[in-house]
Amino acid sequence: MTLATALFGCGNVGVGYGADPVMARYYPYASHNQVLADHPGFDWVAAIDTNAEAAAAVASQHGLQAHGTGTEFPGAETIEVAILATPPGSRKAIIDALPALRAVIVEKPLGATPEEAQSFLDTCQSRGIVVQVNFPRRADQSHRALAAGGLEDSVGDVQGAFLVYGNGLSNNATHMVDLTRMLLGEIAAVQVPAGLNGYREGPLDDDINVPFVLRLQSGIAVMGQPLAFENYRENALDIWGTTGRMAILQEGLRIARYPRSDNRAMSGEHEITSDAGDFETSSIGSAFRDIYDDLADAITSGRAPVSTGESALATAQVIAAIRQSASSGAVISL
Ligand SMILES: NC(=O)c1ccc[n+]([C@@H]2O[C@H](COP(=O)([O-])OP(=O)(O)OC[C@H]3O[C@@H](n4cnc5c(N)ncnc54)[C@H](O)[C@@H]3O)[C@@H](O)[C@H]2O)c1
C-alpha cells in the first residue's frame, strides 16, 4: 500500500532539522522530509507552505509539486495522508480542504487550546480520519520497552520522579508530560507550587515556563522544573523506584540505570549507585520514522496508532491545568 501524501509546513520540524549536520549524528530522521523521501508506504507528492519560497525549496530538493497557496492546490482531492507540520491554528482548515483524507500525522500541540484540539479531533472522528500525534517517544522502541516492563525490571515500584524541560510548557513540557503518562500512568491533579509565576521563553506565543507538581492516579508525585535553554538544552525524566533509579537524559538519547546496592557508609542499609550508572544509547534517533511505520500498520490493520488524538488531548488538558494553576495557585483536578 502506498498512500498519496502531502507535507503542510516546511519549517524546522517539516524540513529544517534534517539539514543540521550535528543533529544528523544522533537523529537519522530529524524532520518529516527525511522520512517522506524514503518511506515506501508513503508516496510524497506535494509540499505546501504559506511561505512559497519554503515550499519551492523543498519541492526542488525532492522533485515534488510546490504550493504556496494554502490549502487549495491541484490534486488536493487525491491526498490520503496529510503531515501537519504547521503551528496549531490552521490544521482544521487544512483537513477540511482534503476530501479523500484517511490519516494525519499532526505535530504537538494538537491545538492552541484544548477546545481547538477537541474541535480538530471531532472533525477527524466524524470523517474516520486516523490521527497519529507526533510524540516520537510513543513510537520509539527503547521507550516502548520501558513501558512494557523494562522500567519496572530496573527500578521496582516507582516512588517518585523528577522531570526537567525548557522552551515552553506547551512546547517541551508537553513531551515530558506525555512521557510521564506513558511510563508512569495517568495524572489526577496538578499544582504550581509556592506562588511561582515562571518566565517566558520558547517559540510559541504566550507560552510560559513554570515549575509544577503532578499527582498521578497511583498516588505518586512527579515534580517538573523548567531550565532556560539559553543556558543549555535538556528534557529529562529521573525516576526513583524501590530497587533502583533510571534517568532518561540528553532529551531521550541516553538511558541511565543505577541499581540499588549495599550502603557504602552504613551497615544494614542500601543505597542507589548514582555514581556508577550503566548508560545505554536509546533508539529515539529513528523514532520519527517509527511514527510513520506505526501509522502505516495502523491504517492497514485497523488498530489504533501508538499516539492517538485522544491521548494527546489528555496531555493537552494536563498542560492547560498547569497554566490554570499558574495563575491561581490552586490544585486543579483532572
Ligand atoms: N514533535 C516534535 O518533536 C516537534 C519539534 C519541533 C516542532 N514541533 C511542532 O511543530 C509545529 C511547527 O514547528 P516548527 O518549529 O517547524 O515551526 P516553523 O515556524 O519553523 O515552521 C512552520 C511552517 O509552517 C508554515 N505554515 C504556517 N501556517 C501554514 C498553513 N496554514 N499552511 C501551510 N503552511 C503553513 C510556516 O510558513 C512555516 O514555514 C509546532 O506546533 C511545534 O510545536 C514538534
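**Exercise 1. Work out how far apart the centres of domain 1 and domain 2 are, and what makes up their contact.**

Solution. Start with the centres: taken over C-alpha atoms, those of domain 1 and domain 2 are separated by 30 Å. Next, count the residues at the contact: domain 1 supplies 6 residues and domain 2 supplies 6 residues. Then sort the domain 1 side by class, which gives 5 nonpolar, no polar and 1 charged. For the bounds, domain 1 runs over 3-133, while domain 2 takes 139-284 + 316-333. Keep in mind that this is a predicted model.

**Exercise 2. Find the largest nonpolar core and say which helix gives the largest share of it.**

Solution. Begin with the total: the largest nonpolar core holds 91 residues. Now pick out the ones with the most contacts inside it, among them Leu 7, Phe 8, Ala 82 and Ile 322. The largest share, 8 residues, belongs to helix H9 (residues 309-328). As for the domains, the core takes at least three residues from each of domain 1 and domain 2.

Zoom in on Ala 82. Leaving out residues up to four places away in sequence, its partners include Ala 6, Phe 8, Ile 94 and Val 104. As a general backdrop, nonpolar side chains tend to be buried together in soluble globular proteins.

**Exercise 3. Check the span of H9 against the expected value, then look at what follows H9.**

Solution. H9 has 20 residues, and its first and last C-alpha atoms are 28 Å apart. At 1.5 Å a residue you'd expect 28 Å, and H9 comes out close to that. Right after H9 sits Gly 329, with a positive phi near 80°.

**Exercise 4. Describe the residues around the ligand by class.**

Solution. First the count: 24 residues surround the ligand, and the closest are Gly 9, Gly 11, Asn 12, Ser 90 and Glu 107. Split by class, that shell has 10 nonpolar, 11 polar and 3 charged residues.

**Exercise 5. Track down the backbone oddities at Pro 109, Ala 194 and Glu 251.**

Solution. The yardstick first: most residues other than glycine have a negative phi, and most peptide bonds are trans.

- From Lys 108 to Pro 109 the peptide bond is cis, with omega near -10°. Pro 109 sits in the loop between strand E5 and helix H4.
- Ala 194 isn't a glycine, yet its phi is positive, about 60°. Its loop lies between strands E8 and E9. Ala 194 counts as exposed because just 7 other C-beta atoms lie within 10 Å, and the cut-off for exposed is 12 or fewer.
- Glu 251, also not a glycine, has a positive phi of about 55°. The loop between strands E12 and E13 holds Glu 251. With 19 C-beta neighbours inside 10 Å, Glu 251 is partly exposed; buried would take 20 or more.

Key. Residues numbered from 1 in each chain as written. Predicted model: local features only at pLDDT ≥ 70, side-chain atom pairs only at ≥ 80, totals over all residues. Domains from an automatic or database assignment. Contact = placed C-beta atoms within 7 Å. Nonpolar A, V, L, I, M, F, W, Y, C, P; charged D, E, K, R; others polar. Near = placed C-beta within 6 Å. Core = buried A, V, L, I, M, F, W, Y, C linked by C-beta atoms within 7 Å. Helix = DSSP H or I, 4+ residues; strand = E, 2+ residues; numbered from the N terminus. Expected span 1.5 Å × (residues − 1).
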